[in-house]
Amino acid sequence: MSVIQTNKTASSVVPAAWVRRWRGKASSAAFWLGLAWSIVRYLLLIGLAFLILYPLLFKLTNSFMSQQDLIDGTVRFIPREPTLFNYRLAIKYTNYFAGLKNTFGIAVLCGVLQMLVCTFVGYGLARFRFKGRGLVFALVVFTILIPPQTYMISLYLKFSFFDLYGILSAISGGTVRLIDSIWPLAILSLTGFGFKNGLYILIMRQYFKGIPKELEEAAYVDGSGLFRTFGTILLPLSASMMITVLLFSFSWQWTDSFYSSMFFSQIKLLSNSLLVGFEGLMLEGATVGLKSGQPLTSTLTNTMSLLVLAPLIVMYLFAQKYLVEGIEHSGIVG
């Protein structure tokens, strides 16, 4: 009996102590202010998340609607007759898988080249002192501020009549047309003038400036050379930052329509498919093609945009850890 009473007493002491502690907290104004602020904070976060995700959720539900659901005014978000017709039509009409292969190859090529080039340039601007370093860095920042539309015509003419300091003209007697090939983007990436390269160089420079110089000095004392020190010490340390630049470059190149429409008129890309649209598409049994403003036309456009974004979403799910780490270490958060 004494054991049973002891257990009952011990079990009743814990809730009683918890109740007294809760009552002590509830009696203070700071507790209620903190609770109110927590509720407001979560409501704001839920509202912001809804505003960001609402367009994506609307496109997702809209993509599964049949033609009857699109013209039915009582159907808003949940399709009454779910169908994959929009996906099948968008994939067939835009030759999706061919565009997916070409876009993936170009995005990987530009991402890897820009990651390597921007890493070297960012390290040089962060560590080496040379005449004109400030001017070079100012020009790098200047490339971020200048919109690419200002030099679009000169860039197009340069690669339409490409010549390397007159060498090609002297050898072959003419210039080389590089349009509709991967060479324009490859050359721009290799020379540090690719899409958003100024931002990537700035990110890598800020990251290398945050690494203590004592690490390199200790390696130099031990007899390590410049390139060996950079390859064995600094590159492993900057792996997360390099992956972040690779992800940024890959994502922006994937959805880029400016350079893609300028350099590729014959190569099928996903971003070009969105620019073409679905106006004029003839459906089976129809006498006229789709027109702008029709529900099915906008639904097919929404469906195609989801197909374009799907690989990026999958990539982000696997690379989220490295992306967050790289942004935190970049030194330009916010």
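The following conversation goes through a predicted model, beginning with the chain and ending with one residue.

Biologist: What makes up the chain in terms of helices and strands?

Modeller: The chain holds 16 helices and zero strands, and of its 334 residues 34% count as buried. Among its contacts between residues at least 6 apart in sequence, 68% join residues at least 24 apart.

Biologist: Why are helix H5 and helix H13 called oblique to each other?

Modeller: Helix H5, residues 96–127, packs against helix H13, residues 239–255, at an angle of about 140°, and their axes are 8 Å apart. An angle has to be over 145 degrees to count as roughly antiparallel, and from 65 to 115 to count as roughly perpendicular; the angle of about 140° meets neither condition, and H5 and H13 are therefore oblique.

Biologist: Which hand does the crossing of H5 and H13 have, and what classes of residue are in their contact?

Modeller: The crossing of H5 and H13 is right-handed, and the contact between these two helices has 14 nonpolar residues and six polar ones, with no charged residues.

Biologist: How do you know whether Gln253 is buried or exposed?

Modeller: Gln253, which has its place in helix H13, has a relative accessible area of 6%; since buried means under 20%, Gln253 is therefore buried.

Biologist: Which residues is Gln253 in contact with, leaving aside its neighbours within four places in sequence?

Modeller: With those neighbours set aside, Gln253 is in contact with Ile106, Ala107, Cys110, Leu185, Phe195 and Ser260.

Methods:
Residues are numbered from 1 along each chain as its sequence is written. This is a predicted model: local features need pLDDT of at least 70, side-chain atom pairs count only at pLDDT 80 or more; totals for chains, interfaces and linings use all residues. Side-chain values use heavy atoms; hydrogens and water are left out. Axes are lines fitted to C-alpha atoms, for helices over the stretch in contact, and angles run from 0 to 180 degrees between N-to-C directions. Helices (H or I, at least four residues) and strands (E, at least two) are DSSP runs, numbered from the N terminus. Angles under 35 degrees count as roughly parallel, over 145 as roughly antiparallel, 65 to 115 as roughly perpendicular and the rest as oblique. A crossing is left-handed if the near helix is turned anticlockwise from the far one by less than a right angle, and right-handed if clockwise. Ala, Val, Leu, Ile, Met, Phe, Trp, Tyr, Cys and Pro count as nonpolar, Asp, Glu, Lys and Arg as charged, and the others, Gly among them, as polar. Buried means under 20% relative accessible area, exposed over 50%, partly exposed in between (1.4 Å probe, protein chains only). Contact means heavy atoms within 4.5 Å.
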